[in-house]
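I opened this entry to keep track of what I looked up, item by item. The order is the order in which I went through the topics.

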Amino acid sequence: MMKVEKVISEKSLARYELDEYTSQFGSLIFDGSRGGSISHAYSFRFNKTVAVYRDKQGRKTAELASFIYFYISKNDRWIQHIDFVSLQQFSVVEEAIPFESNEEFQIPIIDVSTFVSSFGLARGMDYDETRYLITEHQVDVLVAHNGRDIAEFRFGEKVACCALNSTVHFWLDQHSNLAAITIRDVASVPKLIQELRKKGA
């Protein structure tokens with residue numbers, strides 16, 4: 001899981017977008033760009049693999065799975081981009097989701113020691129040798145929405161809220177691992193709900 005090492009008191013630029021410049025089910029963009037930045041970042045993937053298809057030689061040819069990609073800045077160690085690539089294999093529910101106003105904004109700093117270990121950076125590997133490696137975690141993400149303007153991606157027990165800004169909240173579990181992402185947006189969240197219903201996700 002992604003452990004939050006500390007938080008800094010600062011308002012994030014994080015915003016949710018779903019358009020032709022984002023992934024299939026939208027992206028959380030943490031800068032002012034149109035499609036977000038994924039350069040010079042550790043990549044962490046939540047996925048649920050349902051089936052893997054192989055050829056006669058045993059080589060993987062395709063898989064039935066859902067993915068959420070997180071990109072963590074190697075310089076600042078905060079999350080700089082999230083892609084909601086495929087959600088069809090995750091559980092989806094419609095329910096009431098509270099979203100409280102919070103003016104004490106924070107940016108979580110991620111403990112990257114697991115990435116360093118996974119990528120072999122302790123042995124002196126540089127960025128060019130590791131930029132395509134992904135740390136993967138199998139988990140059944142619960143995708144919840146209220147049918148209107150709030151969506152939540154839940155993959156742990158919500159204990160403490162870390163409000164990035166007035167539209168995006170992170171949640172941490174009791175061990176300070178990232179446990180959920182809650183988004184309130186009147187423009188793009190309805191598009192997400194429409195896509196979830198259309199694709200049976």
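The notes below go from a sheet to a pocket, a helix and some single residues.

**Sheet.** I was working with a predicted model, and I began with the strand order. I found an open sheet of six strands in the order 7-10-11-14-13-12, and its pairing is mixed. I then looked up the edges: strand 7 (91-94) and strand 12 (160-163) each pair on one side only. For the twist I noted an average of 20 degrees between neighbouring strands of this sheet, with direction ignored.

**The strand 12 end.** I followed the edge strand 12 to its partner. Strand 12 and strand 13 (residues 168-172) run antiparallel and are joined by four bridges. As one bridge pair I wrote down Ala-163 with His-169 in strand 13. I also checked the connection, and the two strands, strand 12 and strand 13, form a hairpin with four residues between them. I added a reminder for myself that strands of a sheet pair through backbone hydrogen bonds, either parallel or antiparallel.

**After strand 13.** Further along I looked at the loop between strand 13 and strand 14 (178-184), where Ser-176 lies. Its phi caught my eye: for Ser-176 the angle is near 70 degrees, a positive value in a residue other than glycine. I asked how exposed Ser-176 is. Ser-176 has a relative accessible area of 28%, so I entered Ser-176 as partly exposed.

**A second positive phi.** I noted another case at His-40, where phi is near 45 degrees, again a positive value in a residue other than glycine. His-40 sits in the loop between strand 3 (27-29) and strand 4 (41-54). With a relative accessible area of 30%, His-40 is partly exposed.

**Strand 8 and strand 1.** Which residues cover the two faces of strand 8? I found Ile-107 and Ile-109 on one side and Pro-108 and Ile-110 on the other, and all of them are buried. I took Ile-109, which belongs to strand 8, as the residue to check by number. Its relative accessibility is 4%, and buried means under 20%, so Ile-109 counts as buried. I then looked for a partner strand: strand 1 (residues 4-8) pairs with strand 8 in the antiparallel sense over four bridges. Within that pairing, Val-7 stands opposite Pro-108 in strand 8. For a distance I took Ile-109 and Glu-5, which are 104 residues apart in sequence and 5.6 Å apart in space, C-alpha to C-alpha.

**Largest pocket.** I recorded a volume of about 250 Å³ for the largest pocket. I counted 16 residues in its lining, and those nearest the centre are Phe-30, Asp-31, Trp-78, Ile-79 and Gln-80. Strand 6 (79-86) and strand 8 (107-110) are the elements that give two or more residues to this lining. By class, I listed eight nonpolar, four polar and four charged residues in the lining of the largest pocket.

**Helix 3.** I went through helix 3 (residues 189-199) for burial and found Val-189, Leu-192, Ile-193, Glu-195 and Leu-196 buried. Why do I write that they line one face of the helix? Seen down the axis of helix 3, the buried residues fall within an arc of 160 degrees, so they line one face. I kept the general point beside this: an α-helix has 3.6 residues a turn, so residues three or four places apart point the same way. On the other side of helix 3, I noted Gln-194, Arg-197 and Lys-198 as exposed.

**Two more long-range pairs.** I looked at Ser-113, which is in helix 1 (residues 113-119). Ser-113 is partly exposed, with a relative accessible area of 42%. The C-alpha atoms of Ser-113 and Lys-3 are separated by 9.6 Å, while the two residues are 110 residues apart along the chain. The other pair starts from Thr-22, in the loop between strand 2 (15-17) and strand 3. Is Thr-22 to be entered as buried or exposed? At 15% relative accessibility, I entered Thr-22 as buried. Thr-22 and Ile-82 are 60 residues apart along the chain, and I noted 9.9 Å between their C-alpha atoms.

Methods
Residues are numbered from 1 along each chain as its sequence is written. This is a predicted model: local features need pLDDT of at least 70, side-chain atom pairs count only at pLDDT 80 or more; totals for chains, interfaces and linings use all residues. Side-chain values use heavy atoms; hydrogens and water are left out. Two strands pair if DSSP finds at least two bridges between them. Axes are lines fitted to C-alpha atoms, for helices over the stretch in contact, and angles run from 0 to 180 degrees between N-to-C directions. On a 1 Å grid over the protein atoms alone, a cavity is a set of points where a 1.4 Å probe fits but cannot get out, and a pocket is an open set with protein on both sides within 12 Å along at least five of seven lines; lining residues have an atom within 4 Å of a point. Grid points are joined across faces, edges and corners, and a volume is the space filled by probe spheres set on the points. Ala, Val, Leu, Ile, Met, Phe, Trp, Tyr, Cys and Pro count as nonpolar, Asp, Glu, Lys and Arg as charged, and the others, Gly among them, as polar. Buried means under 20% relative accessible area, exposed over 50%, partly exposed in between (1.4 Å probe, protein chains only). The arc is that of the directions from the helix axis to the C-beta atoms.
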